[in-house]
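Me: I would like to learn how to read a structural model feature by feature, with the general idea set out before the particular case. Could we go through one together?

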Amino acid sequence: MLDYHASPDLLNDKVILITGAGDGIGREAALSYGAHGATVILLGRTVKKLEAVYDELLAQGSPEPAIIPLDLQGATKQHYLDMAETLKQQFGRLDGVLFNAGHLAVLGPFEMIGEDDWDKVMQINVKSQFLMTQALLPLLKATPNSSIVYTSSGVGKQGRAYWGSYAVSKFATEGMMEVLADELDNTTVRVNCINPGATRTGMRAQAYPGEDPATLRTPQEIIPLYLYLMGSDSQHISGQSLDAQPDKIRPRARQ
Ligand code: NDP
């Protein structure tokens, strides 16, 4: 999928919400969706970063974006319902949601996982997605051929020692995608997961502090799959968990 070439007008007239749009992969997705014609709704917790992406979108000639400042850790069901109502009033449609924001847990032995850390990871990586999806579904169902994309991880497909609550949260994300895709089978809403693979971002550097970032692909290099799943070329794809860097996937043998 690294060689997918999106047409320049792939996302013309579409309204797409991105969580964690201020940094890393989410920032790149916002700039890329905007460059392909979408009106991008930038959701995140650090307003300065969102404002910088907003300015970049305007500077590159993309449709005027919108900003939703929201900390997923503290957000409640009512926040998401209010947000859905605001989007309905302001835009009248929602063509796609990229659930990209994520929190990396403290990595370490399973026996050492703190209850607070577990709750924080589950709140940001799982519960917020559940509540936001519920709130946005009426708008997504009312918009023809809308697309929901969740963000998974290699450790959300095969558990790995010391990845604790983060890995469990990504398994839950895969499960949410499968349940929802099956349930929405007779609608035009499609639901899929992306595993970005090792990508040069702040989160990756936090997880692998000794790694040379120059050896990793950049968010820009993995963005073709993000474009593909938001545009009409993937209209028939649902219930899939796709790797943005399939050439880097090495199956691990179990002894
Ligand atoms: P970054 O750390 O660069 O970006 C994460 C984004 O999520 C930031 O914009 C951050 O906001 C936002 N975020 C975190 N917590 C919250 C919160 N409580 N409320 C609102 N926003 C929040 O990470 P990546 O770009 O690398 O990660 C993007 C996704 O890809 C994540 O889901 C991650 O798990 C997944 N992933 C990444 C891989 C990689 O190698 N990079 C590999 C596999 C999966 P802020 O900037 O304000 O902190």
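Me: How many of the residues of strand β6 are buried?

Reply: A residue counts as buried if 20 or more other C-beta atoms lie within 10 Å of its own. In this predicted model, six of the six residues of strand β6, residues 190-195, are buried, so β6 is largely enclosed by the rest of the structure.

Me: Which residues of β6 lie on one side, and which on the other?

Reply: In a regular strand the side chains alternate between the two faces of the sheet. In β6, R190, N192 and I194 are on one side, while V191, C193 and N195 are on the other, and with these residues all buried both faces are covered. Strand β4, residues 96-99, can be read in the same manner: both of its faces are covered, with G96 and L98 buried on one side and V97 and F99 buried on the other.

Me: Before going further, what confidence does the predictor give this model?

Reply: Where pLDDT is low, the predicted coordinates should not be read in detail. Here the protein averages a pLDDT of 95, and 97% of the residues score at least 70. For the complex, the predictor gives an ipTM of 0.99 together with a pTM of 0.97.

Me: In what order do the strands of the sheet stand?

Reply: A sheet is read from strand to strand by its pairing. Here seven strands form an open sheet with parallel pairing, in the order β3-β2-β1-β4-β5-β6-β7. At the edges stand β3 (66-69) and β7 (241-243), each with a single partner strand, so one side of each is left without a neighbour in the sheet. Neighbouring strands of this sheet are turned by 20 degrees against each other on average, direction ignored.

Me: Which residues stand opposite each other where these strands pair?

Reply: We can follow the bridges through several of the pairs. Strand β2, residues 39-44, runs parallel to β3 and is joined to it by four bridges, with G44 opposite P69 in β3. Three bridges join β1 to β4, again in parallel, and there L17 stands opposite V97 in β4. The parallel pairing of β4 with β5 extends over four bridges, and G96 stands opposite S147 in β5. Strand β5, residues 147-151, pairs with β6 in the parallel sense over five bridges, and the bridge partner of I148 in β6 is V191. This V191 is one of the buried residues of β6 already named.

Me: Turning to the ligand, which residues come nearest, and how is the shell around the ligand made up?

Reply: One looks at which residues surround the molecule, and then at their character. There are 27 residues around the ligand, of which G20, G24, T46, G102 and T201 come nearest. The shell divides into seven nonpolar, 15 polar and five charged residues, and the helices α1 (24-35) and α6 (202-207) each supply at least two residues of it.

Me: Which residues other than glycine have a positive phi?

Reply: Backbone angles are best read together with the place of the residue. Among them is D13, with a phi near 70 degrees; D13 is found in the segment before β1 and is exposed, because 11 other C-beta atoms lie within 10 Å. Another is Y162, which has a positive phi of about 75 degrees and has its place in the loop between β5 and α5 (164-183). With 14 other C-beta atoms within 10 Å, Y162 is partly exposed.

Me: What is Y4 in contact with, leaving aside its neighbours within four places in sequence?

Reply: Separation along the chain and separation in space are read independently. Y4 lies in the segment before β1, and it is in contact with P224, L225, L227 and Y228. The C-alpha atoms of Y4 and P224 are separated by 5.6 Å, although these residues are 220 residues apart along the chain. Y4 counts as partly exposed, with 15 C-beta neighbours inside 10 Å. As a further case, I249 has its place in the segment after β7 and is exposed, with 12 other C-beta atoms within 10 Å. The C-alpha atoms of I249 and F110, 139 residues apart along the chain, are separated by 25 Å.

Methods
Residues are numbered from 1 along each chain as its sequence is written. This is a predicted model: local features need pLDDT of at least 70, side-chain atom pairs count only at pLDDT 80 or more; totals for chains, interfaces and linings use all residues. pLDDT is the predictor's confidence in each residue, from 0 to 100. Two strands pair if DSSP finds at least two bridges between them. Axes are lines fitted to C-alpha atoms, for helices over the stretch in contact, and angles run from 0 to 180 degrees between N-to-C directions. Two residues are in contact if their C-beta atoms, placed from the backbone, lie within 7 Å. A residue is near a molecule or strand if its C-beta atom, placed from the backbone, lies within 6 Å of it. Ala, Val, Leu, Ile, Met, Phe, Trp, Tyr, Cys and Pro count as nonpolar, Asp, Glu, Lys and Arg as charged, and the others, Gly among them, as polar.
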